Amino acid sequence: MASQKITSALAEIETSGNPQNKLQLYNNLLSEIVTTSSEHELAQDLIYYLDSVLTEDISIVAARPILDAFIATLQKLPAETKIKVGQHAVTLLQSRSTSVEEQDAQLRELLADAYEAEEEYSLAARTLQGIHVDSSQRLVSDSAKVRLWIRIVRLYLEDDDTTSAEAFLNRIKNLPSKIDDHELMLHFKLSQARILDARRRFLDASQEYFNVSLAAGVDENDRLQALAAAIRCAVLAPAGPQRSRTLSTLYKDDRATSVEEFGILEKMFLDRLLNAEEVAAFSERLAPHQLARTADGTTVLDKAVVEHNLVAASKLYENIKTDALGAILGLKESGEFTAGEKAEAYAARMVEQERLKGSIDQIAGVIYFDSGNVSTAAPGRHIRQWDAGVQGLAEDTERVAASIVDAFPDFAAGQMVH
């Protein structure tokens, strides 16, 4: 309920006969409300004031300056008051919005600021959606539209509402003109990366994050954060040739060693097995949607690690029993499926999708790996490659030892004596 003093003052203004005098009286009363109303009466006093201005017999043209002064005053008030008064003001202006579109837009932006300050991101986004951007009464440039829609996209993403965010991102894509503002383009790319990330299109998201990390005009810390996000998405992507190319690009970036994710990136790039401790440490840096469980009860990270370790095992073994592979992959027996059967299912799916080369002997329970062409691979090829590698290492070691003896004969002789 408004204070008695304000309701009396409004009644007196409404009975005033001079329309021009009313405008001055309303302006004077607005200043008085802000300076004299108590904290718990301020919002209600302003609501009563606005009701009087917009329902009294004042033309909308004459009311615009009062609305401008009202908005300027509201801008300086606390977020809680802005929300209470702003909600009422926006509702009140809906029936007149075509005549006061500029004031309606300013009020909505002010209300959205207040919602955002209170971390009510979706409410802020929906408030901004009500702003008219295609109107004969108010000219809005494509740049201003993009700025508004980018803000709406980012607000929805704060609440992980990717569906609503993508709808406004598509509006930007469909604009006939391109985004010329460098900062807006960065926000667009980052928003696109976040949507792809949330949709679990991790390879595409990784590329977008990486592009942001390379863009000009980005703070160095923000670059590294974007690079770290690119690495996290690459790690979560399904194992296969495409992910291997992405990992290679990220690993060869000189900045990669500066982020915490470099350890797991290096192991994945080099096709080394990941252990449970490394995976647990990495999972602590993931967002909630990246740890959500899929239909089969596993997380995206669980699946990505199993598939990676399967590829890593294919580099170590020419063939392996499914039960042994299940143990290497850290799979557990559950329900009617053994660890070996789970390992076989993972391998079968990857072979079918051409993300892993090999074959499965289900009767013998053995998986045969082949990094080359199955039809031309000679038996024991991997063993011969291993033997050749060991021989090469031994020869290199012998050459190094001989070089030391030649360069430091006294040292070498002393070592021989001991």
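## A first walk through the model

Start by selecting E261: with a relative accessibility of just 3%, E261 counts as buried (under 20% relative accessible area; exposed is over 50%, partly exposed in between, with a 1.4 Å probe and protein chains only). What you have open is a predicted model, where local features need pLDDT of at least 70, side-chain atom pairs need 80 or more, and totals for chains, interfaces and linings use all residues. Numbering runs from 1 along each chain as its sequence is written, and side-chain values use heavy atoms, leaving out hydrogens and water.

**Stop 1: E261 and its partners**

Keep E261 on screen and add R285. The two form a salt bridge, with their closest N and O atoms 3.3 Å apart (a Lys or Arg side-chain nitrogen within 4 Å of an Asp or Glu carboxyl oxygen). This pair ties together distant parts of the chain, 24 residues apart: E261 sits in the loop between α13 (241–251) and α14 (262–269), while R285 is in the loop between α15 (276–283) and α16 (300–316). (Helices, H or I of at least four residues, and strands, E of at least two, are DSSP runs numbered from the N terminus.) R285 counts as partly exposed because its relative accessibility is 27%. Now add R232 and E260 to the selection, and you'll have a salt-bridge network of R232, E260, E261 and R285.

**Stop 2: R355 and E307**

Which side chain meets R355 in a salt bridge? Pick E307: the N to O distance to R355 is 2.8 Å. Here too distant parts of the chain are linked, 48 residues apart, with R355 in the loop between α18 (339–352) and β2, and E307 in helix α16. Are these two buried or exposed? R355 is buried because its relative accessibility is 17%, and E307 is buried because its value is 3%.

While you're here, click on E354, which is in that loop between α18 and β2. Look at its backbone: phi of E354 is near 60°, a positive value in a residue other than glycine. E354 counts as exposed because its relative accessibility is 67%.

**Stop 3: D271**

Hop over to D271, found in the loop between α14 and α15. D271 also has a positive phi, near 55°, and isn't a glycine. At 26% relative accessibility, D271 counts as partly exposed.

**Stop 4: D204 and R201**

Select D204 and R201 together for another salt bridge, whose closest N and O atoms are 3.1 Å apart. D204 is partly exposed, with a relative accessible area of 34%, and R201 is partly exposed at 44%. How many salt bridges are there by this rule? The count comes to 19.

**Stop 5: A364 and K321**

Next, pick A364, in the loop between β2 (358–361) and β3 (366–369). A364 is partly exposed, at 34% relative accessibility. Add K321 and check the C-alpha atoms: they're separated by 8.2 Å, although A364 and K321 are 43 residues apart along the chain.

**Stop 6: zoom out**

Finally, colour 1–134 and 382–417: the protein is divided into domain 1 (1–134) and domain 2 (382–417) (bounds from an automatic or database domain assignment). Where are the two centres? Taken over C-alpha atoms, 86 Å separate the centres of domain 1 and domain 2. Along the way, see E118 in the loop between α6 (101–117) and α7 (121–129), a partly exposed residue with a relative accessible area of 45%. Then pick V400, which lies in helix α19 (residues 381–407).
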